[in-house]
Amino acid sequence: MSRETTYNFAAGPSALPQEVLEQAARELVDYHGTGMSVMEMSHRSAVYQEIFNAVKADMKRALHVPDTHEVLFLQGGASLQFSMIPLNLMGEWGNADYAVTGNFAKIAAKEAGKYGRVNIAADTSDCNHTRIPEQSELVLQPDAKYFYYCSNNTIYGTEWHYVPETKGVTLVSDMSSDILTQPLDVSRFGVIFAGAQKNLAPAGLTVVIVRKDLAGNELPSTPLMLSYERMIEKDSMYNTPPCYNIYMLGLMLKWVEKNGGVEGMDALKRERSAILYDYLDESRLFRGCAERDARSFMNVTFTTGDKDLDADFCKAATAAGFLNVKGHRLVGGCRASIYNAQPIPAVKALAEFMKDYEVKHHV
Ligand SMILES: Cc1ncc(COP(=O)(O)O)c(C=O)c1O
């Protein structure tokens with residue numbers, strides 16, 4: 001197996017653009033004649049500070065982040081935000097609304113319950129999270145400290161195609177698997193966060209965009225490292241940040257810019273996902289798992305309806321070089337993750353492979 005003969009459909013960590021990897025490789029040992037790798041630099045050095053500042057500025061530009069908001073580069077994965085958010089936003093036994101549309105939102109809601117009262121504003125577990133609630137279904141508390149939702153459910157292959165209206169209640173969103181894939185009005189959000197390992201960079205970095213006026217209200221017992229206020233004050237450098245991953249994010253942001261920015265990513269994701277969904281809609285063997293209007297542009301979940309046949313398909317796909325198409329263990333079936341870096345030819349090749357498989361196996 002080699003990179004040339006395979007396609008990687010992993011849900012995260014996932015494929016990065018070839019040219020980004022090649023640039024990283026070129027710069028790996030001696031970054032711009034500094035005599036050292038970015039991996040070897042002090043985070044306080046002038047040269048690293050320059051990299052850091054440029055990446056932050058590029059991130060702000062890519063999403064038009066207003067000056068009311070701060071961009072933080074943190075560690076601990078998206079999962080640490082499940083704790084950091086209530087610690088910083090809930091106040092003493094405050095309450096918050098959570099829309100549970102998948103496993104990560106469920107974990108986040110449970111974690112928040114340690115710090116305050118959680119109202120489940122919506123829960124789609126009755127249909128195994130194959131749909132997204134409509135605005136009218138959301139049970140919102142006017143005095144909630146925030147409303148939390150996960151904009152793309154990586155495991156189930158569903159995505160919110162609207163930003164919930166919360167009538168002034170602070171919006172918080174886990175955008176781990178669809179950040180930087182579409183234009184976004186950041187000013188509507190209190191906190192946006194994303195583990196980097198899908199659309200942004202290698203694993204180990206979490207990008208958090210936080211409205212500055214929300215900082216400074218954390219619970220007194222909040223660990224130092226989990227204080228938005230402290231991280232804003234120290235520009236993400238209270239301690240050593242994930243230096244190399246931030247540099248990789250910088251390369252990825254340049255690639256996104258070169259390919260049309262978030263508008264370009266938005267057009268590409270539609271083209272990419274339509275190749276698979278159009279085929280699924282006409283297939284007599286496979287069907288998509290998510291309800292049509294909730295389908296994710298990023299994670300296409302599908303099944304034959306037969307566990308053994310799904311397993312056989314995944315095995316055959318892997319042997320043919322289509323890697324990581326097995327569905328998440330919570331749902332089974334198959335899943336193709338097609339983030340920003342996934343080339344259109346890879347998606348077309350997978351659709352062709354599925355068609356051939358159907359011809360061979362349909363009875
Ligand atoms: C939507 C979403 N949120 C949170 C997480 C957890 O991320 P991490 O492993 O960075 O904690 C994931 C991981 O796949 C995810 O897809």
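**Entry 1. The ligand and its surroundings**

I looked first at Q197 in this predicted model: a polar atom of its side chain stands 2.9 Å from an oxygen atom of the ligand. I then turned to D174, where a polar side-chain atom lies 2.6 Å from a nitrogen atom of the ligand. For A78 I noted a backbone contact: a polar backbone atom of A78 is 2.9 Å from an oxygen atom of the ligand. I also looked up how far the ligand is covered. On its own it has 390 Å² of accessible area, and the protein covers 83% of this.

I next listed the shell around the ligand. It holds 13 residues, of which S79, T154, D174, Q197 and K198 come nearest. Which helix gives the most to this shell? I found that helix α3, residues 77–89, does so, with 4 residues. By type, I recorded 7 polar, 4 nonpolar and 2 charged residues in the shell.

**Entry 2. N199**

I located N199 in the loop that runs between β9 (191–195) and β10 (206–211). Is N199 buried or exposed? I recorded N199 as buried, because its relative accessibility is 0%.

I then asked what the side chain of N199 reaches. One partner is the backbone oxygen of S177, at 3.4 Å. Another is the backbone nitrogen of N340, which lies 2.8 Å from a polar side-chain atom of N199. Setting aside residues up to four places away in sequence, I listed the contacts of N199 as S177, D178, I179, T181, M252, M298, Y339 and N340. S177 and N340 thus appear both in this list and as polar partners of the N199 side chain.

**Entry 3. Cysteines**

I searched the whole structure for disulfides and found 0. Why is C150 not bonded to C127? The closest cysteine sulfur to that of C150 is in C127, and the two are 15 Å apart, so the distance is too far for a bond. I noted that C150 is buried, with a relative accessible area of 3%.

I checked C334 as well. The nearest cysteine sulfur belongs to C314 and is 3.8 Å away, and C334 is in no disulfide. The cut-off that I applied to a pair of cysteine sulfur atoms was 2.5 Å. I recorded C334 as buried too, at 1% relative accessibility.

**Entry 4. T301**

I followed C334 to T301, which touches it. T301 lies in strand β12, residues 299–303, and I noted it as buried, with a relative accessible area of 6%.

Where does the side chain of T301 make a backbone contact? I found that it reaches the backbone oxygen of Y156 at 3.1 Å. T301 and Y156 are 145 residues apart along the chain, yet their C-alpha atoms are separated by 6.7 Å. Beyond four places in sequence, T301 touches I155, Y156, G157, R287, G288, C289, A290, C334 and R335.

**Entry 5. P17**

I ended with P17, which I placed in the loop between β1 (7–8) and α1 (18–27). P17 counts as buried because its relative accessibility is 4%.

Which residues does P17 contact, apart from its neighbours within four places in sequence? I listed M252, W255 and A341. M252 is also among the residues that N199 touches. I noted one further pair: P17 and L251 are 234 residues apart in sequence, and their C-alpha atoms are 9.8 Å apart in space.

Methods:
Residues numbered from 1 in each chain as written. Predicted model: local features only at pLDDT ≥ 70, side-chain atom pairs only at ≥ 80, totals over all residues. Heavy atoms only, no water. Near = heavy atom within 4 Å. Polar contact = N/O pair within 3.5 Å; in protein donor to acceptor, adjacent residues only side chain to side chain. Areas by Shrake-Rupley, 256 points an atom, 1.4 Å probe, with all protein chains shown as cover. Helix = DSSP H or I, 4+ residues; strand = E, 2+ residues; numbered from the N terminus. Nonpolar A, V, L, I, M, F, W, Y, C, P; charged D, E, K, R; others polar. Buried < 20%, exposed > 50% of the residue type's maximum accessible area, 1.4 Å probe, protein only. Contact = heavy atoms within 4.5 Å.
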